[in-house]
Amino acid sequence: MRERQKKYRHEYKYLIDERDRALLYQRLKNLIPLDTNAGEEGHYWIRSVYFDDYRNSCFYQNEDGINERAKYRIRIYNVSDRSIKLERKSKKNGMTLKESATLSRAQCEQILRGIPFSPDEQGGDACPLVLRQFMTLMHSRGMRAKTIVEYERIPFVYPAGNVRITFDRNITSSLQIDRFFEKDNLRYPILPRGQQLLEVKFDEYFPGFIRERLETGRLRQISFSKYYLSRKYTVSCAGGRLR
């Protein structure tokens, strides 16, 4: 029953340059609304710390293109602790599923130090399943924080089909896990200058009028993982070895 209730979504990714972003932004801004969380500035900052086990299984599954895989991250917005989410993002047959659990700052900091806690501390059976499973992985697979990814997101939303179109730019990587909540952690770009990411997500239905406005003649769908690229950057800086 639980498996049938899970809802996987379509997710398409495209590398674009500033010219394409400006063009598509102009086409979309009077067509569908920005996410209200974007505020007056029209964007927000996302910072995520990603986890992997002692074998770096998530990294190598991504590198090998394994069809069915999952990765865990803790995500905050605008470098604030007002909303802290542990998320599991699963991929299956080219579609994605995101499940989450809310954390306190104290819980988050304990996890970042590599110290699991008992589900009994979270109310036993009331503890979200994704958090219970993550605690198990911390014990059994040595799941630990590996890298931080941060970027600026411009999000458009449309309710029919649960459509989200986002522009992610200034994508950076950091190894300063202990500075996850600090504004001035040391970050490095993981894409060439000017490149950014367009993501298109929806459930079963993608309105044709939006699809038409996204057509530029230059978009090419790609496989793209911010976590994987961040770890690749780490490898290049560490002389070819994953930590």
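Hi everyone. Let me start with a working definition: a residue is buried when its relative accessible area is under 20%, exposed when over 50%, and partly exposed in between. By that scale, Lys 7, at 44% relative accessibility, counts as partly exposed. Please keep in mind throughout that this is a predicted model.

So what does Lys 7 do with its side chain? Lys 7 forms a salt bridge with Asp 203, and the closest N and O atoms are 3.6 Å apart. Asp 203 sits in the loop between strand 9 (196–202) and helix 6 (208–213), while Lys 7 sits in the loop between helix 1 (2–5) and strand 1 (9–16), so this pair ties together parts that are 196 residues apart in sequence. Unlike its partly exposed partner, Asp 203 is buried, with a relative accessible area of 10%.

Let's stay with charged pairs for a moment. Side chains of opposite charge can pair when their charged atoms come close. How many salt bridges does a search of the whole structure find? The search finds 26.

A second one to look at on your screens is Lys 201 with Glu 11, whose closest N and O atoms are 3.8 Å apart. Here Lys 201 belongs to strand 9 and Glu 11 to strand 1, so the bridge ties together parts that are 190 residues apart in sequence. Both of these residues, Lys 201 and Glu 11, are buried.

The third is Glu 150 with Arg 47, with 2.7 Å between the closest N and O atoms. Glu 150 is in strand 6 (residues 144–158) and Arg 47 in strand 2 (residues 44–52), so parts 103 residues apart in sequence are tied together. Glu 150 and Arg 47 are both buried.

There is also a network to point out. Salt bridges that share partners join Glu 11, Lys 13, Lys 89, Arg 153, Asp 168, Glu 199, Lys 201 and Lys 226. You'll recognise Glu 11 and Lys 201 there from the pair I just showed.

Now, on to the strands. Strand 3 and strand 4 (residues 80–92) pair in the antiparallel sense, over eight bridges. The hairpin they form has two residues between the strands, and Asn 78 there takes a positive phi near 55°. Strand 4 is also joined to strand 5 by eight bridges, and those two run antiparallel. They make a hairpin too, with two residues between them, and Asn 93 in the turn has a positive phi of about 55°.

If you'd like a residue to follow across these strands, try Arg 88. Arg 88, in strand 4, is the bridge partner of Tyr 72, and Arg 88 also stands opposite Glu 99 in strand 5. Glu 99 itself lies in strand 5 (residues 95–102). Is Glu 99 buried or exposed? Glu 99 is buried, with a relative accessible area of 19%, and the cut-off for buried is under 20%. Leaving aside neighbours within four places in sequence, Glu 99 is in contact with Lys 6, Leu 86, Glu 87, Arg 88, Ser 90 and Val 130.

Tyr 72 brings us to the aromatics. The structure holds 12 aromatic pairs. In one of them, Tyr 72 and Phe 134 are tilted, with 5.1 Å centre to centre and 40° between the planes. This pair links distant parts of the chain: Tyr 72 is in strand 3 (residues 69–77) and Phe 134 in helix 5 (residues 129–140), 62 residues apart. Tyr 72 and Phe 134 are both buried. Elsewhere, Tyr 12, Phe 202 and Phe 206 form one aromatic cluster.

Two arginines lie over rings as well. Arg 105 is over the face of Phe 181, at 4.2 Å from the ring centre, and Arg 21 is over the face of Tyr 25, at 5.8 Å from the ring centre.

Last topic, the cysteines. How many disulfides does the structure hold? Zero. For Cys 58, the nearest cysteine sulfur is that of Cys 108, 18 Å away. For Cys 127, the nearest is again that of Cys 108, at 15 Å. Cys 58 counts as buried at 11% relative accessibility, and Cys 127 counts as buried at 4%.

That's my tour, thanks for listening!

How values were computed. Residues numbered from 1 in each chain as written. Predicted model: local features only at pLDDT ≥ 70, side-chain atom pairs only at ≥ 80, totals over all residues. Heavy atoms only, no water. Phe/Tyr/Trp six-rings, centres within 6.5 Å; stacked < 30°, edge-to-face > 60°. Helix = DSSP H or I, 4+ residues; strand = E, 2+ residues; numbered from the N terminus. Buried < 20%, exposed > 50% of the residue type's maximum accessible area, 1.4 Å probe, protein only. Lys NZ or Arg CZ within 6 Å of the ring centre and 35° of its normal. Disulfide = S-S within 2.5 Å. Salt bridge = Lys/Arg side-chain N within 4 Å of Asp/Glu carboxyl O. Contact = heavy atoms within 4.5 Å. Pairing = 2+ DSSP bridges.
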